[in-house]
Amino acid sequence: MEETIGVTETAPIPQQRGELLLDHAVRYVEERHWDVFAGTWLEPGDGRELCSCGVADCPAPGAHPAVKDWRSLASGSAVGVRRIWGKHPAASILLPTGRTFDALDVPDSAGFLALARLERMQRTLGPVTLTPDHRMLFFVLPGAGAKVPDLVRKLGWLPHAIDLTTRGEGEYVAAPPTRYGGKGPVQWARKPTPANRWLPDTEELIDALAYACGSEAAAARGRRQAAAGAPAR
């Protein structure tokens with residue numbers, strides 16, 4: 001069984017160092033054969049860290065593409081990666097989806113429930129990230145977006161009724177140790193290892209993920225109904 005993070009809150013870490021980001025980016029390219037590209041970064045200003053994009057209320061400070069044509073800049077070359085981070089050592093590490101992998105994106109509360117269930121069933125699992133905005137992303141083979149809606153319906157859930165989305169072609173994910181402003185770093189809930197080099201197909205994970213997300217949705221509806229029916233104080 002792979003080591004997993006057993007917490008739902010991300011702990012603060014020291015400010016990212018350029019060489020650490022570069023080292024991680026190179027390993028993703030060399031060891032996993034993932035394309036990577038450099039995103040925005042964090043800069044000090046007004047007593048806090050601001051996104052290099054210059055937008056004061058940036059929704060993902062320091063963790064989104066810096067240019068519109070980022071797809072063409074994603075590189076699978078270690079030489080290219082070293083050159084890019086040599087110019088922008090604090091840049092976030094972003095991975096394009098829809099190439100070597102897609103990602104199934106769920107709330108972390110549902111994600112930890114599904115992860116535990118999948119491990120008990122000894123299902124094949126790939127890397128899983130945990131973001132500081134309380135999302136978990138399960139890496140699967142490309143093509144998830146076309147499969148998920150029908151698979152979810154076959155399991156008895158309405159796709160729009162549960163919080164389970166896919167990141168596929170034309171999208172991206174932030175890779176550890178990228179930080180989201182003052183929220184904290186992206187972490188590995190399940191680290192990339194030689195054992196999980198071969199990614200699972202969506203079908204291998206969808207039942208546990210849909211069940212966990214459906215349970216979360218039902219619990220949320222119950223809480224809203226209880227709140228609506230509560231007597232006024």
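Me: Radius of gyration here is taken over C-alpha atoms, and the globule rule is 2.2 Å times the number of residues to the power 0.38. What radius of gyration does the protein chain have?

Reply: Bear in mind that this is a predicted model. With 233 residues, the rule puts a compact globule near 17 Å. The C-alpha trace spans about 55 × 50 × 30 Å along its principal axes. The chain's own value agrees with the rule: 19 Å.

Me: What share of the contacts with a separation of 6 or more comes from residues 24 or more positions apart?

Reply: For context, the chain has 6 helices and 12 strands. A contact here means heavy atoms within 4.5 Å. Counting pairs at a separation of 6 or more, those 24 or more positions apart make up 81%.

Me: How much of the exposed area do carbon and sulfur atoms supply?

Reply: Of the 233 residues, 45% count as buried. The chain still exposes about 12,000 Å². Carbon and sulfur's share of that comes to 54%.

Me: How far apart are the mean positions of the positive and negative charges?

Reply: Take the counts to start with: 27 positive and 27 negative. The separation between their mean positions is 2 Å.

Me: Which cysteine has the sulfur closest to that of C58, and why is there no bond?

Reply: A disulfide needs two cysteine sulfurs within 2.5 Å, and the structure holds 0 of them. C58 is buried, at 13% relative accessible area. Its sulfur sits 3.9 Å from the closest cysteine sulfur, which is too far for a bond, and that neighbour is C51.

Key: Residues numbered from 1 in each chain as written. Predicted model: local features only at pLDDT ≥ 70, side-chain atom pairs only at ≥ 80, totals over all residues. Heavy atoms only, no water. Helix = DSSP H or I, 4+ residues; strand = E, 2+ residues; numbered from the N terminus. Buried < 20%, exposed > 50% of the residue type's maximum accessible area, 1.4 Å probe, protein only. Areas by Shrake-Rupley, 256 points an atom, 1.4 Å probe, with all protein chains shown as cover. Lys, Arg positive; Asp, Glu negative; His and termini not counted. Charge placed at Lys NZ, Arg CZ, Asp CG, Glu CD.
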